[in-house]
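The report below describes a protein chain with its ligand, moving from domains to helix packing, the ligand shell and the backbone.

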Amino acid sequence: MLTIRLSGHEHFYPLCDVARLFTGSIPRVEDGEIHVDTDYDATIESKLREGKVSTLLTDGFAELTEAQRSITEQEDLPSSRECKRQLYVLLSRMLNKTFPWGALTGIRPTQVAREVSCEDDLTRIYGVREDKAKLAFATMRGEDEVLDTTNPDGLHIYIGIPFCPTRCAYCSFVAQEAPRKTKLLPSYVDAMLKEMDLVLPKIERPIETIYIGGGTPTVLDDELFARFIRGVFSHKEFSNLRELTVEAGRPDTITEDKLQALRVAGITRICINPQTLSDATLLRVGRKHTAEDFRNAFKLARSMGFDVINTDVITGLPGESSEEFCDSLKQLIELAPENITVHSLSKKRRADLSREDVLREQEEELSKMEKMLTFSSRALQEAGYKPYYLYKQKDTLGGHENVGYQKGNTSCVYNVAMMSDQRSVLSFGAGGMSKRVFAGEDGNPSHVRIERCPCIKDAIQYIENVEKMAAKKVLFFTENGE
Ligand code: SF4
């Protein structure tokens, strides 16, 4: 058991993030202590006294010297981040392990890149590996180029359809299987259009982008999809947008009629996501479409005038080798989509494996994902793609990243606005999260204040409570927020 005793502070959650990164186990917070199941015993004290943080290994790992057991040297960081950084350094010494993003857990690397003066600082202070420090800086520059073109008071709209044709084995979203909910879909569309009718006229902010995502919005049948798109774009508030994007994620839901409905509404950006071009993997993860279905959907969209197509791939899909992943990516690069987004899969632990097997499996997976991500970054940059947004999910094995790459000047402004936490987002539909960003007094982008307004997740409850949800969002965006 690993025990972490906190004294003089309550930064439980940042420390839990670091403990989880090293152990792969979920920490428990009990009586002012953090406990993590491990196959070794150790006790660590994390102290904050008179503004000074120190971290000490008080028990276990007898082979470490006195100097190695204690961390007192301080970086000029907020105390929660300094506690986390020191714990990372101590656990690295104890377990002889480091991670590509070092102590950057639970925080966007591009945000931290904005705070330090150079790539070397990310490595020196936070233990970020050199190639990742370079990636963070390159992406920060890409993000800033996009943000500079947006209005700080502008609003970005998310419209969510949380239904999919089938559920992928690795899915961590709230999406439900549409075939089981066919009767619900028209009412769901009507509820969302009603929510827009009630909210949009009351919000006096310039709307810059719309992202229609999911789930899979194109899971609606041709007629309902066309009615939905017509309904959305009948709102005069959406008449002066700089960007419209629709997620048509599952190639098996794409038809000529749906693409035509999007073209009539003036939409030229679309996401078609193969995740992999290995049919064996697609079958294994329950995607119910083939690589050929993806190619056909891609060619159809191209022939109908969609001039920016994003395609997602995932590293670490169950049973997929690094060779299969690299081969998929090469094939994708040959198709020349304007955007390619590389996601890292967050792994669920298998309950039937022993702890030793879990750790061994994790080591193997980590080294496989390393190969895939290193290959992606090199191959995409050699093919002329540049990273323009980056985020990390907490539960991703090894704390790996998701990166959006663009060719030319084709970045998705919505994605940058959303992921950078620098712009406000108004979300329609069940499970959506609206976000209001307040600028800091000093104008420093790292000092913004963010308030969030969640929407009911369950589709039936959402339909029944749509007026309430609309009123809540109007209040959220119109009250002064002080
Ligand atoms: S397409 Fe995406 S949202 Fe839908 S089930 Fe698969 S992973 Fe989940």
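Domain bounds, as used here, come from an automatic or database domain assignment. For this predicted model, that assignment gives domain 1, residues 1-97, and domain 2, which is made up of 149-338 + 410-474. The C-alpha centres of domain 1 and domain 2 lie 40 Å apart.

Helix H7 (residues 184-199) packs with helix H16 (residues 466-478) at an angle of about 35°, their axes being 9 Å apart, and the crossing of H7 and H16 is right-handed. On the H7 side the contact is formed by Ala191, Lys194, Glu195, Leu198 and Val199, which meet Val466, Glu467, Met469, Ala470, Lys473 and Val474 of H16. By class, the residues of this contact divide into 7 nonpolar, no polar and 4 charged.

The residues surrounding the ligand include Cys164, Cys168, Cys171, Gly215, Arg250 and Arg287, and the shell as a whole has 6 nonpolar, 3 polar and 3 charged residues. Gly215 is placed in the loop between strand S10 (207-214) and helix H8 (222-232), and the peptide bond that leads to Gly215 from Gly214 is cis, with omega near 10°.

Two residues other than glycine have a positive phi, as tabulated here.

| Residue | Phi | Loop between |
|---|---|---|
| Gln275 | near 65° | strand S12 (269-271) and helix H10 (279-284) |
| Asp421 | near 60° | helix H14 (413-419) and strand S17 (424-428) |

Because buried means under 20% relative accessible area, Gln275 counts as buried at 8%, and Asp421 is likewise buried at 17%.

How values were computed: Residues are numbered from 1 along each chain as its sequence is written. This is a predicted model: local features need pLDDT of at least 70, side-chain atom pairs count only at pLDDT 80 or more; totals for chains, interfaces and linings use all residues. Side-chain values use heavy atoms; hydrogens and water are left out. Axes are lines fitted to C-alpha atoms, for helices over the stretch in contact, and angles run from 0 to 180 degrees between N-to-C directions. Helices (H or I, at least four residues) and strands (E, at least two) are DSSP runs, numbered from the N terminus. A crossing is left-handed if the near helix is turned anticlockwise from the far one by less than a right angle, and right-handed if clockwise. Contact means heavy atoms within 4.5 Å. Ala, Val, Leu, Ile, Met, Phe, Trp, Tyr, Cys and Pro count as nonpolar, Asp, Glu, Lys and Arg as charged, and the others, Gly among them, as polar. A residue is near a molecule or strand if one of its heavy atoms lies within 4 Å of it. Buried means under 20% relative accessible area, exposed over 50%, partly exposed in between (1.4 Å probe, protein chains only).
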